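Visitor: I've got the model up on my screen and I'd like to walk through it with you. Shall we take it piece by piece?

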Amino acid sequence: MRRRMEAGMERPIFKPLGTPVAQLDTPALVVDLALVEHNIATLHAFFQQREAKVRPHVTAHRCPALAHKQLATGGTVGGISVITVGEAEVFADHGFDNIFVANEVVTQQKIRRLCALARRASVIVAVDNPANVRDLSAAAEAHGVTLQVVVDMHTRLQGCGVEPGPPAVELARVVHAAPHLEFAGLMSYAGAILATDPAALAAESRQCIQQVLDTRELLERSGLPIRMVSVGNTSNYEIAGAMAGVTEVPAGAYVLLDACYGPYRPQFAPAARIMTTVTSRPEPGTAIADAGQKAVSVDLGLPVASDLDGATVASLSAEHCRLRLEGAADETLRLGDTFWLTPYDIGTCTNLYDYIHAVRDGHLEAVWRVAARGQYR
Amino acid sequence: MEHYRPAPGTPLQDLDTPCLLIDLDAIEHNFRLIADMYRDTVCKMRTHVKNLKSPILAHMQIRAGGTVGGVCAAKVAEAEVMVEGGITDVLIANEVVAHDKIVRLCSLAKRADMKVGIDNARNLRELSKVAQAQGVTLGVLIEVDTSMHRAGIRRVEDGVELAKLAAALPGIAFRGLMSHQTLPGRPDKQTRLIEGRRFMQMCLDLKDAIEGAGIPVDIVSTGETWTYDIAADLPGVTEIQGGTYALMSASYGYMDEFAIAAKILGTIISTPRPGVAIGDVGVQALASPGGVLPSVEGMPGVTVEALHDEHIVLRTDGATPLTVGDQFLLHSGQQDILVNRWDQYIAVRKGVVEAVWDIPARGCHH
């Protein structure tokens with residue numbers, strides 16, 4: 001397989017499709033297609049039976065090929081959600097025409113880009129500030145487009161968002177009155193709620209979501225039509241998706257999962273792993289491998305050596321992983337052997353790669369671009 | 001990848017954010033400092049491009065002076081980018097083990113003086129076999145573990161044995177030794193000097209032993225930003241490997257003769273509650289391994305409270321009011337992990353864009 005190398009691109013040695021996975025150049029981001037398909041089928045089946053639908057939050061993987069698989073599975077709103085305008089532009093270029101930028105877009109340059117995008121896709125954006133609403137309205141008028149706007153609410157995480165109740169209603173009225181904007185509804189990003197006790201998970205999730213639903217009710221009583229309520233994520237999709245009044249859940253982590261979510265969401269399987277090669281066995285009990293912090297993000301936690309009994313990830317430096325080995329692993333692991341790391345957080349990990357190696361039954365089936373990697377703007 | 005190319009002359013306040021800036025006055029100061037330090041010494045700088053990931057910046061240090069005329073890299077893919085960018089002397093300060101990668105390394109050796117780290121006889125034999133088949137000579141440096149507890153030989157006897165093998169194998173030129181060092185925390189100067197000398201002495205002891213066996217050692221490549229001033233007057237050390245010094249990071253703040261040159265420019269997008277402001281840059285773009293938070297430049301009373309995936313939470317005590325649309329500058333706690341998350345450097349001088357440089361070795365972890 002020949003590929004054009006661009007400046008600033010990952011440079012693996014590309015192998016022909018059909019190559020056994022163990023022969024891929026490392027470190028490599030490898031996705032197991034059977035597991036991806038299981039994960040997507042599991043979550044989407046839930047939404048196929050519901051009023052509420054899933055809106056794949058594609059910032060979790062940044063890969064248009066995966067996003068197309070998600071939308072093709074059903075149970076969705078027919079669109080995606082992203083965080084930055086740059087991500088929205090990349091996904092629009094890959095054929096997506098219903099894009100929710102679940103974030104505040106405030107600078108003139110970005111608002112202009114958003115309006116340009118609205119000419120070729122249905123664009124939804126979040127607001128938490130009336131001055132921003134006026135800027136969006138003026139730009140939409142100048143560009144001859146209509147932007148759909150949701151009010152972002154603060155329910156749990158310290159982040160963007162107006163307070164639920166009257167402040168949110170007041171901002172919704174400002175949006176509703178602004179020309180060239182269409183008030184679409186409400187959103188709140190509460191973050192992943194990691195709880196093994198189902199009752200605790202349900203209680204904390206409902207406590208966040210109910211604030212949004214109460215605000216919805218206030219809005220409806222005051223005569224403002226509302227068609228979109230976006231809450232929840234992979235950690236609590238089944239709770240969010242079952243609450244009357246929730247219209248969509250922007251879940252993303254379920255597709256690839258990671259070591260952080262794994263223990264809390266057993267219905268999904270970790271489908272993305274990093275394959276790495278042992279480059280040094282300096283002393284008994286220690287192996288050094290070629291995946292460091294530039295190949296497996298450790299911002300939120302260390303990866304797990306998932307398939308190697310007796311191996312523990314001791315640390316990662318910029319370019320190296322250090323394994324502590326016991327028992328059989330210590331005796332058998334040799335220079336040049338490959339093994340697998342399951343990243344702790346998949347979002348920060350896909351952001352390090354330009355290519356996903358998609359494998360099935362241990363053989364390379366496709367190489368996909370992580371096209372929206374690095375789109376921070 | 002992103003293609004953001006603000007025109008030279010663009011003022012900082014007109015930049016779309018977040019972006020990775022290089023303060024040119026600061027990086028030129030850092031390059032000059034190294035050039036002045038090593039102009040007349042036997043020991044020279046071999047700049048580590050795992051930190052810079054850009055041939056342009058490597059050339060800037062080489063032109064400024066004080067270097068061996070080449071660079072070191074951590075990966076074969078990085079070395080490829082450097083050779084394509086006109087660098088002709090590259091030490092891969094790391095072990096290259098997989099057969100495919102050795103073939104790739106030997107291809108580079110047809111166009112540049114390539115050297116690579118070794119710590120294992122089987123790997124050395126494989127390097128020899130492929131180099132011979134390709135008709136090239138690979139320079140090898142034995143990696144010595146002095147403090148990292150990572151790759152590298154642990155015992156002098158093992159080093160001598162490996163040197164003998166390297167000297168005997170076809171396709172291989174035994175060139176010398178290399179090591180990395182680490183010193184956690186924020187050491188004072190005395191500790192730094194004592195520990196630095198101790199670590200480097202371990203390399204020099206091995207050098208003596210190998211030379212005692214009749215094998216010449218022409219390169220002793222060791223050191224880090226935090227030992228750059230120690231190697232200069234330690235006889236036997238021929239080159240120092242420095243990376244962080246060029247762009248600097250908050251974690252090396254104790255080396256305050258170097259200026260912070262890498263900064264992230266962000267914009268406030270929300271002020272949801274009194275005293276709290278949300279900026280448009282998060283963990284994805286900033287890198288905070290181990291949860292180390294960045295610091296804010298030039299805003300008294302403003303602190304970083306938290307980093308989310310795509311957002312930063314700033315808190316102000318009121319001394320610096322923060323409003324939506326305001327820009328802010330961050331210093332990252334870590335430098336090369338940060339650069340690896342960006343596609344372009346926006347090079348600025350006194351608040352105005354002077355150049356935009358691609359980061360062609362970003363993602364080159366192969």
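Visitor: Let's begin with the domains of chain A. How many Å separate the centres of domain 1 and domain 2 of chain A?
Guide: Keep in mind that this is a predicted model. Domain 1 of chain A is made of two stretches, 21-31 and 267-369, while domain 2 covers 78-246. Taken over C-alpha atoms, the centres of these two domains of chain A are separated by 37 Å.

Visitor: And which radius of gyration does chain A have?
Guide: The C-alpha atoms of chain A fill a box of roughly 70 × 50 × 35 Å along the principal axes. For 377 residues, a compact globule would come out near 21 Å, and chain A agrees with that, at 22 Å.

Visitor: What percentage of the residues in chain A is buried?
Guide: Chain A has 10 helices and 16 strands. Of its contacts with a separation of 6 or more, 66% join residues 24 or more positions apart. As for burial, the share among the 377 residues of chain A is 57%.

Visitor: Take Ala28(A). Is it buried or exposed?
Guide: Ala28(A) sits in strand E1 of chain A, residues 28-32. Beyond its neighbours within four places in sequence, Ala28(A) is in contact with Pro12(A), Ile274(A), Met275(A) and His357(A). The cut-off for burial is 20 or more other C-beta atoms within 10 Å. Ala28(A) has 27 C-beta neighbours inside 10 Å, so it counts as buried.

Visitor: How many Å separate the C-alpha atoms of Ala28(A) and Glu319(A)?
Guide: Along the chain, Ala28(A) and Glu319(A) are 291 residues apart. In space, their C-alpha atoms are separated by 14 Å.

Visitor: Now the core. Which residues does Val125(A) contact beyond its neighbours within four places in sequence?
Guide: The largest nonpolar core has 241 residues, and Val125(A) is among those with the most contacts inside it, along with Phe91(A), Val101(A), Leu114(A) and Val175(A). Two of those names come back in the contacts of Val125(A): Val101(A) and Leu114(A). The full set for Val125(A) is Val101(A), Val105(A), Leu114(A), Leu136(A), Leu147(A) and Val149(A).

Visitor: Phe91(A) makes me curious about helix H3 of chain A. Which elements are included in what covers its buried residues?
Guide: H3(A), residues 85-93, is mostly covered, with 7 of its 9 residues buried. Those are Val85(A), Glu87(A), Ala88(A), Glu89(A), Val90(A), Phe91(A) and Ala92(A). Just after H3(A), Gly95(A) takes a positive phi of about 95°. The cover includes helix H2 (64-72), strand E3 (80-82), strand E4 (98-104) and helix H4 (108-117) of chain A.

Visitor: Where chain A touches chain B, which element of chain A gives the largest share of residues?
Guide: That contact takes 57 residues from chain A and 60 residues from chain B. On the side of chain A, the elements giving two or more residues are H4, helix H5 (130-143), strand E10 (272-283) and helix H10 (346-350). The largest share, 5 residues, comes from E10(A).

Visitor: How do the residues on that side of chain A divide by class?
Guide: We're still on the side of chain A that touches chain B. The split there is 19 nonpolar, 24 polar and 14 charged.

Visitor: Over to chain B. How many residues does the contact take from each of its two domains?
Guide: Chain B is divided into domain 1, covering 12-21 and 257-358, and domain 2, covering 41-248. Their centres, over C-alpha atoms, are 34 Å apart. The contact takes 11 residues from domain 1 of chain B and, from domain 2 of chain B, 11 residues.

Visitor: Is Ala79(B) buried or exposed?
Guide: Ala79(B) is found in helix H4 of chain B, residues 76-84. Leaving out neighbours within four places in sequence, its contacts are Ala73(B), Val90(B), Ile92(B) and Leu108(B). With 29 other C-beta atoms within 10 Å, Ala79(B) is buried.

Visitor: Last one: which residue in E14(B) stands opposite Val304(B)?
Guide: E14(B), residues 312-316, pairs in the antiparallel sense with strand E11 of chain B, residues 276-279, over 4 bridges. Strand E13 of chain B, residues 302-307, pairs with E14(B) in the antiparallel sense too, over 5 bridges, and the two form a hairpin with 4 residues between them. From E11(B), Ala277(B) stands opposite Leu314(B). Opposite Val304(B) you again find Leu314(B).

Conventions
Residues numbered from 1 in each chain as written. Chains lettered and ligands numbered in written order. Predicted model: local features only at pLDDT ≥ 70, side-chain atom pairs only at ≥ 80, totals over all residues. Buried ≥ 20, exposed ≤ 12 C-beta atoms within 10 Å, placed from the backbone. Contact = placed C-beta atoms within 7 Å. Core = buried A, V, L, I, M, F, W, Y, C linked by C-beta atoms within 7 Å. Nonpolar A, V, L, I, M, F, W, Y, C, P; charged D, E, K, R; others polar. Domains from an automatic or database assignment. Rg over C-alpha atoms; globule rule 2.2 N^0.38 Å. Pairing = 2+ DSSP bridges.
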